[in-house]
Amino acid sequence: MGSRSTHVTVKPWGTEEIWASTHHSVGKILTIKGGHRLSRKYHRVKNNTIRILEGSLTLEVGPLSPGASVEALTLYPGEAYYLEARTIHRFCADEGGVVLLEVSSQGADDSVR
């Protein structure tokens, strides 16, 4: 039987709510305050899928290879994006802030900033 509780962590940029956690995956809701952005990073093995719930997100994304460029995409409510392991990415909230759903494969914290 699963747990019905959630865990909310307050961050300088907003909040991170873990609403599901199993041996295989983690579900989070990230609320990012307007004008804030998270660290640019990639994951060694973890895959993420995000879906915008409210607001708009500027997603900086690019391949992990020398000399590769990072592009900026704007995502709106209802839009989703799959981030494969070893993809450089950064979440940037537009002025009104953004709420997004993130589902990722479970594993050790393998973020590289």
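**Figure 1. Thr-87, a buried residue in strand E8.** With a relative accessible area of 17%, Thr-87 counts as buried, because the limit for that class is under 20%. This close-up, like those that follow, is drawn from a predicted model. Thr-87 belongs to strand E8, a strand that covers residues 87–105. Leaving out residues up to four places away in sequence, Thr-87 touches Lys-41, Tyr-42, Val-61 and Gly-62. Lys-46 stands 41 residues from Thr-87 in sequence, while the C-alpha atoms of these two residues are 9.9 Å apart in space.

**Figure 2. Arg-86, in the loop between strands E7 and E8.** Arg-86 is found in the loop that lies between strand E7 (80–83) and E8. The phi angle of Arg-86 is near 70°, which is a positive value in a residue other than glycine. Most residues other than glycine have a negative phi. Is Arg-86 buried or partly exposed? Arg-86 has a relative accessibility of 44% and therefore counts as partly exposed, since that class lies between the 20% and 50% limits.

**Figure 3. Strand E8 and its pairing with strands E3 and E5.** Strand E3, made of residues 25–32, pairs with strand E8 in the antiparallel sense, and eight bridges are found between them. Within this pairing, Ile-29 has Leu-101 of E8 as its bridge partner. Strand E5, which covers residues 48–63, also pairs with E8 in the antiparallel sense, here over 14 bridges. In the pairing of E5 with E8, Ile-52 stands opposite Leu-100.

**Figure 4. Ser-56 and its contacts in strand E5.** Ser-56 lies in strand E5 and, at 14% relative accessibility, it counts as buried. Which residues are in contact with Ser-56, leaving aside its neighbours within four places in sequence? The contacts of Ser-56 are with Thr-74, Leu-75, Tyr-76, Cys-92, Ala-93, Asp-94, Gly-97 and Val-98. Of these partners, Thr-74 is 18 residues away from Ser-56 in sequence, and the distance between their C-alpha atoms is 6.8 Å.

**Figure 5. The hairpin that joins strands E1 and E2.** Strand E1 (residues 7–11) and strand E2 (residues 14–21) run antiparallel and are joined by five bridges. A hairpin leads from E1 to E2 through two residues. In this pair of strands, His-7 stands opposite Ile-18 of E2.

**Figure 6. The whole protein, shown as the setting for the close-ups.** The secondary structure comes to nine strands and zero helices, and the pattern read along the sequence is β-β-β-β-β-β-β-β-β. The radius of gyration is 14 Å, close to the 13 Å that the globule rule gives for 113 residues, so the protein is as compact as a globular protein of that length. Taken along the principal axes, the C-alpha atoms fill a box of roughly 45 × 30 × 25 Å. Of the 113 residues, 37% count as buried, and the accessible surface of the protein comes to about 6800 Å², with 51% of that area belonging to carbon and sulfur atoms. Among contacts between residues at least 6 apart in sequence, 68% join residues at least 24 apart. The protein has 13 positive and 12 negative charges, and the mean positions of these two sets are 6 Å apart.

Key:
Residues numbered from 1 in each chain as written. Predicted model: local features only at pLDDT ≥ 70, side-chain atom pairs only at ≥ 80, totals over all residues. Heavy atoms only, no water. Pairing = 2+ DSSP bridges. Helix = DSSP H or I, 4+ residues; strand = E, 2+ residues; numbered from the N terminus. Buried < 20%, exposed > 50% of the residue type's maximum accessible area, 1.4 Å probe, protein only. Contact = heavy atoms within 4.5 Å. Rg over C-alpha atoms; globule rule 2.2 N^0.38 Å. Areas by Shrake-Rupley, 256 points an atom, 1.4 Å probe, with all protein chains shown as cover. Lys, Arg positive; Asp, Glu negative; His and termini not counted. Charge placed at Lys NZ, Arg CZ, Asp CG, Glu CD.
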